[in-house]
Amino acid sequence: MGGRRSFFVVTMMAFGFAFLYVPILSMIVYSFNESRLVTVWAGFSTRWYAALLHNEQLLDAARLSLRIAVVNATGATLLGTLAGLALARFGQFRGRALLSGMVTAPLVMPEVITGLSLLLLFVALEQMIGWPAGRGVTTITIAHITFSMAYVAVVMQSRLAVLDESLEEAAMDLGARPVKVFFLITLPIVLPAVLAGWLLAFTLSWDDLVISSFVAGPGSSTLPIVVFSKVRLGVSPEVNALATILVLIVALGIVVAGVYLQRQERRRERDVQQALAARG
Amino acid sequence: MSNTRPEQRPEAGPDGTEPYVRLERLTKKFGEFVAVDDVTLNIRRGEIFCLLGASGCGKTTLLRMLAGFEQPTSGSIRIDGVDVTALPPYERPVNMMFQSYALFPHMTVEQNVAFGLRQDRVPRAAIRTRVAAMLELVRMREFARRKPHQLSGGQRQRVALARSLVKQPKLLLLDEPLAALDKKLRQHTQFELINIQETLGVTFVVVTHDQEEAMTLATRIGVMNHGEIIQVGTPTDIYEYPNSRFVADFIGSVNLFEGRLIEDEPDYVRVAAPELGGVFHVGHGVSAAPGATVWVALRPEKIQISRTAPDGAGDNRVAGVVSEIAYLGDQSVYLVRLATGRQVRVTQPNIVRQSSAGRLTWDEPVWLSWEPGSPVVVTQ
Amino acid sequence: MRRWSLGAGRFAVTAVPALWLLLFFAVPFLIVLKISVSGMRLGMPPYEPLITWASSLVFELRVHLDHYAFLWQDPLYRNAWLNSLQVAAVSTLLCLLLGYPLAWGIARATPAWRNLLLLLIMLPFWTSFLLRVYAWLGILKNNGLINNTLLALGVIDRPIVMLQTDFAVYLGIVYSYLPFMVLPLYAAIEKLDQTLLEAAADLGCRPFRAFLAVTLPLTWGGIVAGSLLVFIPAVGEFVIPALLGGPDSLMIGRVLWEEFFNNRDWPVASAVAIAMLLLLVLPIVVFQHVQGRTPVVR
């Protein structure tokens with residue numbers, strides 16, 4: 001590899017990462033700006049954080065979003081894990097193509113279509129059987145579970161695909177029934193993937209604006225809906241403060257996870273070396 | 001078929017009782033593909049039975065049907081008098097040692113070995129003693145608290161063995177048990193495996209593609225090809241009395257000559273082989289019509305090579321020229337070109353340390369000869 | 001078939017998620033299809049029933065195809081559709097041009113750096129999409145970061161209008177979807193056997209030709225996957241054109257949204273959705289199906 005080429009790659013990387021992070025950093029910096037005019041620097045201040053803490057509309061929306069995201073993540077993880085298990089482990093069963101198609105389709109479906117179709121379903125259901133009565137938290141949660149379970153299913157399917165099937169066969173061979181095999185062997189081994197799926201579903205729900213907008217009712221405005229209506233009117237320093245807090249939480253979570261993973265990796269390496277040394 | 005080879009021992013007991021494991025007309029199809037084709041096989045109590053064949057010959061499918069992971073398309077499996085064909089793996093008195101060992105990565109060595117006993121709700125104290133005894137047997141007791149990734153390949157193999165033996169299965173299935181070990185460790189482990197089997201008296205069915213492994217481990221070998229069992233016999237039977245060109249060629253190396261039966265007596269036959277440019281005089285009878293096309297299999301180590309013509313009559317000897325020599329240390333391999341153009345492979349043990357002057361060399365004219373008891377005639 | 005494994009457990013494991021998706025994902029499309037051929041009316045719901053019962057035995061089926069005809073005739077929809085395709089295609093290409101060197105650099109970094117850089121690529125993905133698009137508002141405004149900086153440096157004497165332009169939409173899409181391009185590319189490049197490039201060099205191939213002859217074909221899968229992951233959602237994108245684009249930068253997702261929320265015309269919104277499905281999702285599903293069947297030449 002010539003020096004010129006790697007110079008090109010390094011330049012592109014520097015540019016790429018700057019591109020990704022300058023907007024986030026600018027948001028963080030401006031969240032500490034005294035001025036209401038966001039982009040004109042008028043000195044350091046934390047007043048927008050204080051304002052955020054007293055903005056009941058944003059706080060209520062955040063609480064609602066959190067509640068929906070947790071319920072959604074749990075439901076989506078349950079359903080998605082079942083679907084992933086069926087796709088990865090049950091071989092060719094009748095209806096496999098249908099299930100597989102329904103699991104991948106939400107991933108490529110434009111959000112506006114998913115949102116519209118779910119709303120029309122809820123309206124039709126209400127007309128026919130009276131449920132769900134109106135739109136609100138329930139309809140948002142159902143909608144979120146529907147599209148995020150697909151992501152979980154894909155995560156689980158790909159994790160199970162690389163899990164040595166003979167582990168499950170060995171457990172069965174040693175006398176464990178299939179349900180027990182799942183809980184004693186499969187689940188503990190793929191637990192990290194399950195957690196990753198849960199977090200993914202949580203984030204998707206927490207972040208969703210378009211689908212929620214379609215299926216939300218009066219009084220069930222999630223955080224993205226409120227933020228969207230605010231920023232549509234222009235830049236808002238409180239939103240900067242909110243964004244900063246969210247970025248910091250995510251960054252902290254990722255750093256903790258990263259450190260934990262690195263420690264595990266190191267321990268693993270040490271173990272392997274120990275095993276090689278104690279070989280006999 | 002040749003018919004004067006040693007009688008195969010009867011598979012049923014002398015009193016006519018049923019064999020320990022009986023596979024009857026077992027067939028497994030995956031769609032159109034026939035993985036196992038109408039196999040009938042008997043396995044005796046306490047033996048090490050090796051299923052030997054190239055990859056894709058159906059040996060693993062056969063093993064998985066014994067374990068219960070695959071349902072046969074047709075046919076039945078009986079173990080110790082009980083029909084287990086429809087039983088799920090968790091209800092069969094059979095355990096398996098997997099090629100990948102399949103040790104549960106989130107459990108310690110001890111927990112891995114105890115897993116099977118826990119499923120049977122064996123009392124805790126009994127589990128502890130039996131696990132300890134089993135780990136002692138495989139010399140892994142001091143590693144009881146380790147996780148699988150903290151073990152070397154050989155140690156993992158021993159844990160897998162302990163885990164599959166601790167339930168005292170009626171039948172232990174081993175899928176390529178030594179394939180993941182390096183060569184030195186493999187040779188050592190072969191004998192260890194035999195020792196453990198003799199200590200416990202458990203019946204082993206081993207699947208392997210490695211003929212050396214099969215020859216070392218097995219009391220009997222079943223050679224498989226295209227889903228069928230071609231020949232069943234002791235390692236000696238299989239090597240010395242192959243029943244077909246396939247088996248002769250698959251086990252060890254062999255010189256095969258096509259020929260025509262020209263003399264057929266009860267205690268000997270003569271076969272004219274155009275490629276040899278001479279006649280084989282074979283010291284056993286053959287059940288084939290005179291004039292039939294047969295094949296003569298002659299192992300390289302059973303051929304004498306000499307500079308001077310051997311004494312005696314004209315059969316079982318041929319002249320040629322050395323075309324290739326490979327010195328392997330314990331033995332030398334010669335390729336000798338006959339007048340017909342056919343190459344014959346000959347191996348000679350290097351009994352005496354030879355100076356390079358005494359050795360045969362390239363393009364040297366030589367004579368090949370063999371005893372009437374050495375070649376085998378196969379008809380298929 | 002395994003006789004013993006066809007138990008009720010297996011059935012339940014398959015049936016529960018399948019029924020959920022059937023009810024909440026598949027059935028809704030039938031309803032969308034139905035409403036897209038229903039007549040519009042004032043009221044709630046704002047569409048006519050497809051089937052009206054004249055008596056208990058005779059019913060009247062009224063199919064309105066006029067919404068589709070309307071989509072075809074009104075240049076607004078055609079332009080919005082073509083504009084969406086163009087914006088998505090250009091953004092995908094830009095993502096690829098920026099993402100490939102990024103992915104290459106990450107894949108060829110030392111393991112410690114590689115993990116850190118991957119984390120940095122994924123971190124924005126875990127933070128709010130909406131807020132990240134919003135961040136550009138503060139940068140692109142007339143008195144935003146860029147204009148203020150350039151004005152202060154004296155490069156320009158009048159702010160450049162960047163917000164509410166197509167440029168801002170491209171920027172927003174590339175920015176938001178870059179991680180989706182980088183990750184599959186990284187996976188493909190990381191798998192690439194480095195000795196292949198060494199072999200190419202050994203056989204006298206210059207680096208750039210080696211890139212064209214070896215690297216590019218072997219990472220093609222990653223390029224296709226990444227491009228689809230960017231292109232498909234970009235076509236239907238709503239938030240980015242709504243926040244960064246001008247009133248005239250029409251994209252099909254935004255048209256659907258406005259048709260639905262502002263005009264309350266459910267049948268036309270449904271027709272737009274069905275048209276999008278047929279014109280976007282269907283070709284891609286077919287493409288992937290064909291791609292999956294073609295044996296990969298190695």
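Start by selecting helix α11 of chain A, residues 237-277, and find Arg266(A) inside that helix. Keep in mind as you click around that this is a predicted model. Arg266(A) has 55% relative accessibility, so it counts as exposed. Now add Arg263(A), Arg267(A), Arg270(A) and Lys147(B) to your selection: together with Arg266(A), they form a positive patch on the surface.

**Over to chain B**

Since Lys147(B) has brought you here, show chain B by itself. Colour it by secondary structure and you can look for eight helices and 20 strands. Its C-alpha atoms fill a box of roughly 75 × 50 × 40 Å along the principal axes. Chain B has 380 residues, and buried ones make up 52% of them. If you turn on the surface, you're looking at about 17,100 Å² of accessible area, with 50% of that belonging to carbon and sulfur atoms. How far apart are the mean positions of the positive and negative charges of chain B? There are 43 of each sign, and the two mean positions sit 10 Å apart.

**Where chains A and B pair up**

Side chains of opposite charge can pair when their charged atoms come close. Over all chains, a search of the whole structure turns up 24 salt bridges. For one of these, select Arg64(B) and Glu169(A), whose side chains meet with an N to O distance of 2.6 Å. Arg64(B) belongs to helix α1 (residues 59-67) of chain B and Glu169(A) to helix α7 (residues 165-173) of chain A, so this pair joins two chains. Are these partners buried or exposed? Both Arg64(B) and Glu169(A) are buried.

Next, pick Arg177(A) and Glu91(B), another salt bridge, at 2.8 Å from N to O. Here you're in loops: Arg177(A) lies between α7 and α8 of chain A, while Glu91(B) lies between β5 and β6 of chain B, so this pair joins two chains as well. Arg177(A) is partly exposed at 45% relative accessibility, and Glu91(B) is partly exposed too, at 39%.

**Bridges within a chain**

Stay on chain B and select Lys302(B) with Glu301(B): they form a salt bridge whose closest N and O atoms are 3.2 Å apart. Glu301(B) is partly exposed, with a relative accessible area of 34%. Then hop to chain A for Glu56(A), Asp60(A) and Arg63(A), which salt bridges with shared partners link into one network.

**Last stop: chain C**

Finally, select helix α13 of chain C, residues 266-293, and look for Val290(C). Along with Leu278(C), Leu279(C), Leu282(C) and Val286(C), Val290(C) forms a nonpolar surface patch, and together they have about 470 Å² of accessible area.

Conventions
Residues numbered from 1 in each chain as written. Chains lettered and ligands numbered in written order. Predicted model: local features only at pLDDT ≥ 70, side-chain atom pairs only at ≥ 80, totals over all residues. Heavy atoms only, no water. Patch = residues over 30% accessible without salt bridge, like charges linked within 9 Å, V, L, I, M, F, W, Y side chains within 5 Å. Areas by Shrake-Rupley, 256 points an atom, 1.4 Å probe, with all protein chains shown as cover. Salt bridge = Lys/Arg side-chain N within 4 Å of Asp/Glu carboxyl O. Helix = DSSP H or I, 4+ residues; strand = E, 2+ residues; numbered from the N terminus. Buried < 20%, exposed > 50% of the residue type's maximum accessible area, 1.4 Å probe, protein only. Lys, Arg positive; Asp, Glu negative; His and termini not counted. Charge placed at Lys NZ, Arg CZ, Asp CG, Glu CD.
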